[in-house]
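Good morning, and thank you for the time. Please look at the model on the screen while I take you through a few of its features.

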Amino acid sequence: VPFSAFCYGHHKGVTVRVLEKLAKTKGGVYAIFALPFLTLGMEKCVYDTVQSIQGINPNTKPADRGGFPSGGASLPSFSLVNVQETNIVEDFISRQFYQQTGEDFRAVEQVYLR
């Protein structure tokens, strides 16, 4: 959703208006230098939120990863939601599948949880 909102805003000319407004502010053209930091913060917010919704803690660093560019775990989390106990997306998709096929979702779930 955030990326599609960005694309729609860019299509409507919001990007140009933001740059013009930044250039005319008290900071002048130098205020434009803040844009990379703001956009990286927004990107990290979206990434951390998606990870938290999937049940993955964005602050944990897997043993097989590290260094550039995967050093985001060393930074504070910008997630808008708490880390979920279960992957809500996977749970929703599996419930929809079992409702469509007619199988008993709870019975199948108990078999896999054992």
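Which helix gives the largest share of the lining of the second largest pocket? The answer is H3, with seven residues. Before I go on, please note that this is a predicted model, in which local features need pLDDT of at least 70 and side-chain atom pairs count only at pLDDT 80 or more, while totals for chains, interfaces and linings use all residues. Residues are numbered from 1 along each chain as its sequence is written, and side-chain values use heavy atoms, with hydrogens and water left out.

Let me begin with the overall fold. The protein has five helices and zero strands, where helices (H or I, at least four residues) and strands (E, at least two) are DSSP runs numbered from the N terminus. Buried residues, meaning those under 20% relative accessible area with a 1.4 Å probe and protein chains only, make up 13% of the 114 residues. Contact means heavy atoms within 4.5 Å; of the contacts with a separation of 6 or more, 56% are between residues 24 or more positions apart.

I return to the pocket. A pocket is an open set of points on a 1 Å grid over the protein atoms alone, where a 1.4 Å probe fits, with protein on both sides within 12 Å along at least five of seven lines; lining residues have an atom within 4 Å of a point. The second largest one holds about 530 Å³ of space, the volume being that filled by probe spheres set on the points, which are joined across faces, edges and corners. Its lining has 17 residues, with Phe6, Thr15, Leu38, Thr39 and Met42 nearest the centre. Helices H1 (2–11), H2 (14–24) and H3 (35–53) each supply at least two residues of that lining. By type, the lining divides into 12 nonpolar residues (Ala, Val, Leu, Ile, Met, Phe, Trp, Tyr, Cys and Pro), one charged (Asp, Glu, Lys and Arg) and four polar (the others, Gly among them).

Helix H3 also contains Ser52. Is Ser52 buried or exposed? Ser52 counts as buried because its relative accessibility is 1%. Beyond its neighbours within four places in sequence, Ser52 is in contact with Pro58, Ser79, Val81, Asn82, Val83 and Gln84.

Finally, a word on a ring. Lys44 lies over the face of Phe78, at 6.0 Å from the ring centre; the criterion is NZ of Lys or CZ of Arg within 6 Å of the ring centre and within 35 degrees of the ring normal.

Conventions:
Buried < 20%, exposed > 50% of the residue type's maximum accessible area, 1.4 Å probe, protein only.
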